[in-house]
Amino acid sequence: MIVLFALYPGIHTLLTISPVGAEAVALLPDVETMTAVLYFGLFAMSFDFISGYTGYLSFGHAAFYGAGAYFVVLAANGKIPLVPAGTSFMLLLVLAGLAALVLAIAIGAVSFRLSGVYFAMITLGFSQVLYVFVRGWNYVGSNPRDGVFVTGERGGFEIGVPFIDSLNVAIGQLTGDEIEGLLGAISLSAGEVSYYAIGGVVVVCYLAMQRILHSPFGRVMVAIRENEERARAVGYDTFRYKLAAFAVSGFFAGIAGALFAGFQRSVTPDDTFYFLVAGDALLASIIGGFGTLVGPLYGRLFDESVREFLSTAGAGGGLLPYLREHVPADVLATELVGGVTVQGAIEAFLNGHASLYLGLLFVLFVLYVPNGLLGTLRNRLGGTVASWTARQLERRR
């Protein structure tokens with residue numbers, strides 16, 4: 001599946017210049033949207049790390065995403081003590097994750113004294129307190145309610161190997177690097193370079209979380225989810241394990257927020273600390289599959305793809321612009337019933353109703369695909385895709 005993400009920009013380019021290019025533009029999200037899927041997918045994976053593997057829903061997880069995002073922008077503007085404005089972005093990623101980790105320990109130390117819905121509510125409460133605080137904190141900018149952006153002459157944030165300029169690339173919508181003639185034949189636009197650079201960080205974070213989950217520590221997390229009383233009875237200090245898992249989850253949520261800020265070069269309270277940001281991660285986890293780690297990434301991809309397909313003017317196209325442009329005028333003017341034309345019906349059903357259809361899809365997922373996309377696939381395959389592939393190869397030897 002990682003290979004599909006790696007090949008996506010090339011596949012997208014080939015399809016959009018093919019005879020079915022108009023349909024491909026309408027159906028497929030563009031590379032910039034896929035970049036957003038990657039960094040928000042990492043945030044959704046961090047949400048699944050704690051919620052899917054310990055059973056504790058963190059409704060206030062946006063606090064860590066926002067902490068990482070604001071840390072990068074404030075550090076770039078020279079407003080973080082002991083962190084110079086020109087600090088390497090790779091170092092800022094780690095520092096942003098550590099800042100979110102410390103915040104997670106502080107919140108978790110109080111929140112894990114509760115369980116169930118009370119835990120979810122208290123984490124949501126902490127997140128909302130931070131949201132209101134940042135909206136009114138004049139230190140971050142002249143108008144904190146509208147957010148803050150990177151000031152000064154700093155170029156794009158660079159991802160790569162620290163201290164080796166040739167192995168770093170700048171990311172960003174307007175500040176990213178372009179690559180010409182890589183390996184003598186490959187040329188990448190600024191959007192594609194940002195996609196691969198951010199994707200590389202996401203893959204490293206995913207592998208790190210996957211390694212943790214397959215360690216004895218991860219097994220204890222699952223034991224807590226299945227039966228916390230029994231885990232405590234056999235001698236585990238479940239409070240410390242839950243707090244440690246929460247801290248690790250906050251660390252990767254902070255890195256996801258830092259990637260968002262590095263790519264967008266601006267942050268707002270509504271895009272980071274607001275509780276609906278955690279709601280989007282919950283939605284991605286339900287669609288992709290709780291307790292699958294990588295499933296929320298595909299859940300976010302599904303969510304973004306449907307949202308863009310149903311939007312009135314999606315960055316990658318969309319159904320409504322496609323119908324307006326490609327359906328013949330005489331067909332659009334055809335009257336259906338009661339004076340309603342085909343064009344009128346299309347506008348009535350598609351214009352501005354993307355959220356309505358997404359809500360219906362969410363209900364259908366909960367009712368008929370309770371294990372999510374990846375969870376259902378694993379049930380059908382009898383294990384992970386990797387284990388199924390290994391079994392198939394073994395049979396053919």
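This section describes helix packing, aromatic contacts and the surroundings of selected residues in a predicted model.

Two packed helices are described by the angle between their axes and the distance between the axes. Helix α1, residues 2-16, and helix α7, residues 190-213, have axes that cross at roughly 175° and come within 11 Å. Angles over 145 degrees count as roughly antiparallel, and α1 and α7 are therefore roughly antiparallel to each other. On the α1 side the contact is made by Ile-2, Phe-5, Ala-6, Tyr-8, Pro-9 and Thr-13. Helix α7 contributes Glu-192, Tyr-195, Tyr-196 and Val-203 to this contact. By class, the residues of the contact of α1 with α7 comprise eight nonpolar, one polar and one charged.

A second helix pair is formed by α11, residues 275-288, and α17, residues 372-381. The axes of α11 and α17 are 3 Å apart, and the packing angle is about 20°. With angles under 35 degrees counted as roughly parallel, α11 and α17 are therefore roughly parallel to each other. The contact involves Ile-286, Ile-287 and Gly-288 of α11, together with Gly-372, Leu-373, Leu-374 and Gly-375 of α17. Four of the residues in the contact of α11 with α17 are nonpolar and three are polar, with no charged residue among them.

Ser-285 is also placed in helix α11. The relative accessibility of Ser-285 is 0%, so this residue counts as buried. When neighbours within four places in sequence are left aside, Ser-285 is in contact with Ala-44, Phe-47, Asp-48, Phe-290 and Pro-296. The loop between α11 and α12 (295-310) contains Leu-293. Leu-293 has a phi near 65°, a positive value in a residue other than glycine. Leu-293 counts as buried because its relative accessibility is 0%.

A positive phi, again near 65° in a residue other than glycine, is found at Arg-265. Arg-265 is located in the loop between α9 (238-264) and β6 (266-267). The relative accessible area of Arg-265 is 16%, and this residue is therefore buried. Thr-238 belongs to helix α9 and is buried, with a relative accessible area of 3%. Apart from residues up to four places away in sequence, Thr-238 touches Ile-224, Glu-228, Ala-231 and Arg-232. Thr-238 and Thr-376 are separated by 138 residues in sequence, and their C-alpha atoms are 30 Å apart in space.

Across the whole structure, a search finds 25 aromatic pairs. One of them joins Phe-251 and Phe-252 in an edge-to-face arrangement, with a centre-to-centre distance of 5.2 Å and 80° between the planes. Phe-251 counts as buried at 18% relative accessibility, and Phe-252 counts as buried at 6%. Ring pairs also link Tyr-39, Phe-40, Phe-43, Tyr-65, Phe-260 and Phe-263 into a cluster.

Phe-40, a member of this cluster, lies beneath a charged group: the charged end of Arg-300 sits over the ring of Phe-40, 4.0 Å from its centre. A further placement of this kind involves Lys-79, which lies over the face of Tyr-139 at 5.6 Å from the ring centre.

Phe-263, another member of the cluster, is touched by Gln-173. Other residues that Gln-173 touches are Glu-32 and Gln-264, with residues up to four places away in sequence not counted. Gln-173 is placed in the loop between β3 (168-170) and β4 (179-182). The relative accessible area of Gln-173 is 39%, which means that this residue is partly exposed. Between Gln-173 and Leu-82 the separation is 91 residues in sequence and 29 Å in space, C-alpha to C-alpha.

Gly-116 is part of helix α6, residues 116-135. At 49% relative accessibility, Gly-116 counts as partly exposed, since the exposed class requires over 50%. The C-alpha atoms of Gly-116 and Leu-57 are 7.7 Å apart in space, while the two residues are 59 residues apart in sequence.

Terms used:
Residues are numbered from 1 along each chain as its sequence is written. This is a predicted model: local features need pLDDT of at least 70, side-chain atom pairs count only at pLDDT 80 or more; totals for chains, interfaces and linings use all residues. Side-chain values use heavy atoms; hydrogens and water are left out. Axes are lines fitted to C-alpha atoms, for helices over the stretch in contact, and angles run from 0 to 180 degrees between N-to-C directions. Helices (H or I, at least four residues) and strands (E, at least two) are DSSP runs, numbered from the N terminus. Angles under 35 degrees count as roughly parallel, over 145 as roughly antiparallel, 65 to 115 as roughly perpendicular and the rest as oblique. Contact means heavy atoms within 4.5 Å. Ala, Val, Leu, Ile, Met, Phe, Trp, Tyr, Cys and Pro count as nonpolar, Asp, Glu, Lys and Arg as charged, and the others, Gly among them, as polar. Rings of Phe, Tyr and Trp (its six-membered ring) pair if their centres lie within 6.5 Å; planes under 30 degrees apart count as stacked, over 60 as edge-to-face and the rest as tilted. Buried means under 20% relative accessible area, exposed over 50%, partly exposed in between (1.4 Å probe, protein chains only). A charge sits over a ring if NZ of Lys or CZ of Arg is within 6 Å of the ring centre and within 35 degrees of the ring normal.
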